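Open the model in your viewer and get ready to select a few stretches. We will take one strand, then its partners, then a pair of helices.

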Amino acid sequence: MDFKRIVITGAPGTGKTSVIKSLENSGFFCFHEIIRTMTLEAIENEEADVLQNNPIDFVSDAASFNQKLLKGRLDQFKQATTLQKDIVFYDRGVPDVLAYMDYFEQSYGTDFLNACKANRYDKVFLLPPWKEIYKQDNERLESYSQAVDLHIHLEKTYNSFGYEIIEVPFGTVEERLKYILNNTQT
């Protein structure tokens, strides 16, 4: 089946979740971000005094955590082939794993690079940091300035794999949804 794979990405607190929910409410299939569940699990399994910015930085075995995250994203990528949909949206893509690892100065092997090269998306929409809506919570541990730095890493990583990034302008959820849908068809 020929279908489009569309990534919605961005640093924490950019409005991705609201856009994803709006896409689903409009009848589109969306794979959800898997790190939120992994973050809650990591928080439960770590000592409170080691909790820092992101589980990728505070788990006792970052390599295993990142492998699990990569596997989850690859599973979503493969699962999409079983769907009968013209368009499939992803809340983050495989390259996001590398962007975060780069941000936290963690090394990775060629298996991570090869996964990004072999599992390509048709479009990448990047939501920029938006200070007015940014809020930290139990799964979003980064500060706003860290979110800005993560945005830069996401942009750099997707560019390094040859993606043309489409930046989603600020606006209401409806305006952002319309922008994404208008630019998905081209």
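Begin by selecting Lys 123, Phe 125 and Leu 127, which point one way from strand E4, while Val 124 and Leu 126 point the other way, and all are buried. Buried here means under 20% relative accessible area, with exposed over 50% and partly exposed in between (1.4 Å probe, protein chains only). E4 spans residues 123-127, and 5 of its 5 residues are buried. Strands (E, at least two residues) and helices (H or I, at least four) are DSSP runs, numbered from the N terminus.

A word on the model: it is predicted, so local features need pLDDT of at least 70 and side-chain atom pairs count only at pLDDT 80 or more, while totals for chains, interfaces and linings use all residues. Residues are numbered from 1 along each chain as its sequence is written, and side-chain values use heavy atoms, leaving out hydrogens and water.

Next, add strand E1, residues 4-10: E1 and E4 pair in the parallel sense over 5 bridges. Two strands pair if DSSP finds at least two bridges between them. Click Ile 6 to find its bridge partner in E4, Lys 123.

Now add strand E5, residues 165-167, which pairs with E4 in the parallel sense over 3 bridges. Here Leu 126 stands opposite Glu 167 of E5.

Last stop: select helix H5 (residues 94-103) and helix H6 (residues 110-118), whose axes lie 8 Å apart at an angle of about 145°. Axes are lines fitted to C-alpha atoms, for helices over the stretch in contact, and angles run from 0 to 180 degrees between N-to-C directions.
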